[in-house]
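Good morning, and thank you for coming. Please have the sequence and the structure open as I speak.

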There are 2 protein chains.
Amino acid sequence: MSGKVKMVTMRDVAQASGFSPATVSIVLNNAPLARYIAPATKKRIEDAAKKLGYRPNAMARFLRSRRSQTVGVMIFDITDPFCTPVLRGIENALYQSSYVPIFADAHNQRTRFERYLEMLLEHHVEALIVVANWLFVDIQLLADLSKRNITAATIGWEVPGDSVSSVMVDNEAGGRLALEHLHHLGHRKIAVIRGPKMLIDSGPRWKGIQKFANSVGLEMDPSLVVQLPDELEANSGFDGGYRFTEELLERKKKFTAVLAFDDLTAFGAIRALTKAGIKVPEQCSVVGFDDVPLSALSAPSLTTVRQPLEAMGNLAVNLVVEGIKAGLEKRDWSISRHKMTPELVIRDSTKAVEGGKDLTK
Amino acid sequence: MSGKVKMVTMRDVAQASGFSPATVSIVLNNAPLARYIAPATKKRIEDAAKKLGYRPNAMARFLRSRRSQTVGVMIFDITDPFCTPVLRGIENALYQSSYVPIFADAHNQRTRFERYLEMLLEHHVEALIVVANWLFVDIQLLADLSKRNITAATIGWEVPGDSVSSVMVDNEAGGRLALEHLHHLGHRKIAVIRGPKMLIDSGPRWKGIQKFANSVGLEMDPSLVVQLPDELEANSGFDGGYRFTEELLERKKKFTAVLAFDDLTAFGAIRALTKAGIKVPEQCSVVGFDDVPLSALSAPSLTTVRQPLEAMGNLAVNLVVEGIKAGLEKRDWSISRHKMTPELVIRDSTKAVEGGKDLTK
DNA sequence: CCGGTTGCTTGAATCGTTTCAAGTCAGACA
DNA sequence: TGTCTGACTTGAAACGATTCAAGCAACCGG
């Protein structure tokens with residue numbers, strides 16, 4: 001019961017099957033040389049391995065072959081609902097490729113990011129995936145990783161230079177989608193809560209909004225446009241949405257819809273509106289961005305611009321796995337930058353403007 | 001630029017400092033023997049290591065010392081909002097102890113669980129933490145792990161036998177808390193949505209409810225009590241809450257409050273009530289269980305029984321870390337089972353019953 | 001009967017660290 | 001002068017796999 005189980009090594013399998021460790025290794029890994037091995041031999045070795053319950057020792061293997069079967073997954077803050085589906089996508093794709101994720105959560109802190117990077121390097125991850133926000137513009141990352149030729153990919157952020165692939169959503173198209181929806185519903189007085197300046201997403205989203213506004217001759221009242229501050233707190237989006245909406249209400253400016261930077265901000269806005277006795281969506285529509293998991297469950301459920309988060313996680317994995325392969329085969333390989341197309345998800349938080357006609361029908 | 005960076009090994013540090021690899025190892029690890037090493041030597045070695053940017057190779061180290069600095073974290077479904085705070089707690093505590101988490105998400109599938117277990121063993125995790133639900137009663141886990149003396153702890157589930165520690169919430173106290181709150185608010189006709197039979201939490205929560213009801217002479221109308229089916233789907237709680245609430249409404253039974261099995265179920269209930277034109281909390285109170293992150297953000301925010309999820313993650317880590325230490329020092333060590341006390345969080349989804357008086361004041 | 005092929009298998013080096021038993025050396029003591 | 005203490009330091013053997021160059025038969029054609 002308490003007796004320690006001696007580890008079954010390749011040597012044991014060799015002994016049991018009557019072949020040498022070299023042969024066992026070749027067979028069990030289906031190495032190139034395996035095509036010279038007699039089928040009967042293969043069978044005997046495989047049987048022996050199974051019977052003994054042989055499990056390769058990933059560490060020992062790494063030492064010789066330099067393959068750790070491990071990928072670092074660095075997340076800026078798992079507490080942010082944005083991250084969960086992305087993580088799911090990453091995990092799932094890695095699983096398909098038989099890589100194991102080493103999980104690192106930076107808690108939005110640079111020092112923590114750096115320490116984790118160190119740890120990941122010590123563990124010789126074969127690649128790194130970073131789900132990032134503004135914090136992570138890091139020369140270190142570029143220099144250290146590409147020199148050690150560890151392929152890396154970021155999700156939700158781009159690193160300057162040509163050493164890191166990236167996967168993002170097409171923010172401009174998303175911004176456009178959001179405003180287009182509200183416009184079609186007949187909204188003309190629309191409050192916009194822009195994202196923090198330092199976030200890479202904020203600019204393009206706003207640009208998409210403006211472009212659409214121009215294209216249909218819609219005037220965006222500057223006094224209805226506010227911008228979230230550069231904040232790192234977990235729920236700063238929610239708080240910001242709440243505060244700014246309150247503020248707008250106090251200013252007595254009239255608006256029939258709020259276009260929020262992201263879902264959390266939208267929830268904050270809804271909270272503020274509800275508290276002020278304004279019904280969503282009857283008296284004011286609210287649209288978010290991201291489609292985080294809560295958005296479908298909240299009351300009212302949130303109309304939002306969906307980022308294909310899980311697919312983005314998937315894609316990032318495929319990119320780095322390609323990079324690993326290329327490195328192994330000494331092929332050339334260059335990074336790529338991707339923009340996924342967002343999708344409008346219409347739920348219960350938006351409605352045709354009171355008295356206006358729903359132009360979507 | 002493209003030149004590969006040769007790894008800096010201990011040998012290099014030895015060379016640079018003029019000592020042998022053995023000495024370097026002793027110094028850099030601050031091994032027991034280090035107390036015999038001259039301070040000047042230590043300094044020279046440490047300087048050399050720093051100058052060369054030496055980073056120990058975790059794999060090579062493991063091979064000799066059997067320490068992988070790695071802990072497996074198996075989660076039943078990261079998509080479940082319950083898991084996020086727990087994961088945060090685990091990650092944070094591991095980070096403090098300089099362990100690196102290997103992340104595994106079973107997607108609620110047994111086969112996936114087993115394959116991941118295999119992978120974790122290949123990577124020689126020093127311990128395993130399982131955030132579990134009903135799926136994971138697994139003899140394998142007990143046998144394989146304790147025999148290979150890998151300490152393990154589960155969160156949210158108990159494994160029979162004496163080989164796995166566990167951390168749970170005191171469900172009975174929680175159930176009591178929830179009903180007590182509604183009762184104090186004057187509610188007497190209370191619908192209860194019980195958890196699935198196969199979930200370990202369901203029984204004790206219901207028991208806590210019944211006990212409190214008895215203690216105050218409250219009669220729980222059996223026709224107002226329903227039970228969620230054994231479902232594995234991600235949002236089955238939400239759907240169940242929605243469906244059962246709809247059903248109760250159709251039956252025209254009167255009730256002024258819903259005590260839901262967990263927060264997701266509560267959200268489902270709120271959705272159904274809202275859809276039927278019943279205002280929460282004005283016409284019907286709803287109380288959940290867990291306090292998942294969304295609960296604070298939803299409109300109305302959810303009154304719920306809080307599980308200290310992050311603390312539970314922390315505790316689980318502390319348990320296994322203790323186990324690892326004990327194993328290293330060949331001390332005896334026995335598993336433990338913990339029940340954390342839940343806490344009532346009063347938010348906006350509950351209110352004194354219409355016409356009744358709020359007894360909490 | 002020899003040299004060359006083909007088909008299959010393996011010896012031995014290697015990866016980067018840790019771990020002791022065993023070394024060296026200077027000075028103290030007898 | 002010889003021996004004995006420390007006080008430091010290190011040689012060399014693991015750990016468990018991978019990887020080639022090299023080995024061994026057996027067979028074939030000439």
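How many residues of domain 2 of chain A are in contact with domain 3 of chain A? Before I answer, two remarks on conventions. This is a predicted model, in which local features need pLDDT of at least 70 and side-chain atom pairs count only at pLDDT 80 or more, while totals for chains, interfaces and linings use all residues. Residues are numbered from 1 along each chain as its sequence is written, chains are lettered from A and ligands numbered from 1 in the order in which they are written, and side-chain values use heavy atoms, with hydrogens and water left out.

The answer is that 14 residues of domain 2 of chain A are in contact with 16 residues of domain 3 of chain A, contact meaning heavy atoms within 4.5 Å. The area buried between these two domains is about 1,300 Å², with 72% given by carbon and sulfur atoms; buried area is the accessible area (1.4 Å probe) that two parts lose on being put together, summed over both. On the domain 2 side, Pro81(A), Trp134(A) and Val169(A) supply 47% of the area buried against domain 3 of chain A, more than any other three residues. Between the two domains there are zero salt bridges, a salt bridge being a side-chain nitrogen of Lys or Arg within 4 Å of a carboxyl oxygen of Asp or Glu.

I turn to the interface of the two chains. Here 60 residues of chain B are in contact with 60 residues of chain A, and the buried area is about 6,000 Å², of which carbon and sulfur atoms give 59%. In chain B, Arg55(B), Met59(B) and Leu297(B) lose the most area to chain A, together 14% of what that side buries. Eight salt bridges are found across this interface. In one salt bridge the side chain of Arg55(B) meets that of Glu118(A), at 2.6 Å from N to O.

Finally, DNA strand C. Of the 28 residues around the strand, Thr23(A), Thr41(A), Met10(B), Ser25(B) and Arg64(B) come nearest; a residue is near a strand if one of its heavy atoms lies within 4 Å of it. Among the strand atoms within 4 Å of the protein, 66% belong to sugar or phosphate and the rest to bases. A polar side-chain atom of Arg61(B) lies 2.9 Å from a phosphate oxygen of DNA strand C, and an N or O atom in the side chain of Asn29(B) is also 2.9 Å from a phosphate oxygen of this strand.

Definitions and conventions
A polar contact is a pair of N or O atoms within 3.5 Å; within protein, one must be able to donate a hydrogen and the other to accept it, and residues adjacent in sequence count only if both atoms are side-chain atoms.
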